[in-house]
Amino acid sequence: MFQINENYQKLPGSYLFSSIAKKVDAYAKANPDKNIIRLGIGDVTQPLAPAVIEALHKAVDEMGKAETFHGYAPDLGYDFLRKAIVEHDYKARGCDISEDEVFVSDGAKSDSGNIQEIFGPDCKIAVCDPVYPVYVDSNVMAGRTGEYDAKSETWSNVIYMPCVAENNFVPEFPKETPDIIYLCLPNNPTGTTISKSQLQEWVDYAKKSGAVIIYDAAYEAYITEKDVPHSVYECPGARECAIEIRSFSKNAGFTGVRLGFTVVPKDLTCNGVSLRDMWARRHGTKFNGAPYIVQRAGEAVYSDAGRAQIKEQVAYYMKNASVIKQGLMDAGYTVFGGVNGPYIWLKTPNNMNSWEFFDYLLENANVVGTPGSGFGPSGEGYFRLSAFGSYENTVAALERIKKL
Ligand SMILES: Cc1ncc(COP(=O)(O)O)c(C=O)c1O
């Protein structure tokens, strides 16, 4: 008789955003007259940039003619896209990354969930706490995390690096040496980040301790401060110890289009085995490429027009971020983030826990946010508001919150 992967049974509850959706749906059904403003999930709301739409139309037309039709994409992705990525995301920032180190994918969620596959079952992971839940959950599924303690909401075999107001949301080197270090910077959910010299310390630490860094830079387009690195490869030594994951979802609104990429440098090896070659093998076996049409759309993101247009979109969301941040401060909240990331992280008032504040905000302001505890135990007592709504809704939500 077949058996299931028992590790799945260890996962507590449902995925955070399904729990939120269920609660909001129930509230909306019971209160059909209420106008609910959703500043919870990190999905974008602005339409795709005109340059992207133009590229999509053109690519669709190409697919309708035998001479320009495209079937399966090359394993690593089309050259035209990998060239644009290397040129704009890496060379322009002084990072030494070559096209055959870039693996185009359907997004950062799948890559950040799948990357653990190329590591041994006994590797110990370290995660920022709070953080995007996919890193821990995908390692739970792989059986790497030990047992779950419902009381502390922690896994026995995971190293948690608390990122809280007291340490300015900067992860500290753990007491126990990890094998795999997940860094998500700028961070989801806190919207905070670290300086280049702080990241360099992590690169030096990883090299010294024989660990690998998985650097999720999905929000790099939101960085506004000069001293904040956009890529881990801005730090010397990172080619030997870091994998970087990127997404087109947040910088260019591709959440429904699906495109991302992962960089695995050739210098990253383990006992003489190239991780780049392992990821190439995995990619070739389990993934059949992002669609040609979508890769052309990705190329358009790097065109002159595309770059100007997505810069405007990012600025639009960052204007929302400042509306939220300022509005909350005016209302007396303690607020973080929102300067180098599209999330505002607030301390819940009156010692409410994260889910209590979720209910309070939903019921009294009809505003949906995300409970901090859903991102890890150190997120308890905090709450995330997203800048990805429309400007009008963001302003209206803050007016309601100020009146509470
Ligand atoms: C840190 C982080 N990484 C990855 C993703 C997923 O990106 P994608 O849409 O490319 O799968 C998200 C989405 O919210 C995220 O917050």
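Tutor: A residue counts as near a molecule if its C-beta atom, placed from the backbone, lies within 6 Å of it. Keep in mind that this model is predicted.

Student: How many residues surround the ligand, and which are the closest?

Tutor: The ligand has 14 residues around it. Gly107, Ala108, Lys109, Ser247 and Ser249 are the closest.

Student: Which helix gives the most to that shell?

Tutor: Helix 5, residues 108-114, with three residues. By class, the shell around the ligand holds eight polar, four nonpolar and two charged residues.

Student: Now the core. What is the general idea?

Tutor: In soluble globular proteins, nonpolar side chains tend to be buried together. Here, the largest nonpolar core has 110 residues. Val127, Tyr182, Val203, Ile213 and Ile243 have the most contacts inside this core. Helix 11, residues 304-330, gives the largest share, six residues. Domain 1 and domain 2 each supply at least three residues to this core.

Student: What does Ile243 touch?

Tutor: Leave out residues up to four places away in sequence. Then Ile243 touches Ile115, Val212, Ile214, Tyr215, Thr262, Val263, Val264 and Leu268.

Student: Where do the domains run along the chain?

Tutor: Domain 1 covers 14-47 + 305-403, and domain 2 covers 53-302. Their C-alpha centres lie 25 Å apart.

Student: How many residues of each domain are in contact with the other?

Tutor: 29 residues of domain 1 contact 36 residues of domain 2. On the domain 1 side, helix 11 supplies the largest share, six residues. The domain 1 side that touches domain 2 has 13 nonpolar, 13 polar and three charged residues.

Terms used. Residues are numbered from 1 along each chain as its sequence is written. This is a predicted model: local features need pLDDT of at least 70, side-chain atom pairs count only at pLDDT 80 or more; totals for chains, interfaces and linings use all residues. A nonpolar core is a set of buried Ala, Val, Leu, Ile, Met, Phe, Trp, Tyr and Cys residues joined through C-beta atoms within 7 Å. A residue is buried if 20 or more other C-beta atoms lie within 10 Å of its own, exposed if 12 or fewer, and partly exposed in between; C-beta atoms are placed from the backbone. Helices (H or I, at least four residues) and strands (E, at least two) are DSSP runs, numbered from the N terminus. Domain bounds come from an automatic or database domain assignment. Two residues are in contact if their C-beta atoms, placed from the backbone, lie within 7 Å. Ala, Val, Leu, Ile, Met, Phe, Trp, Tyr, Cys and Pro count as nonpolar, Asp, Glu, Lys and Arg as charged, and the others, Gly among them, as polar.
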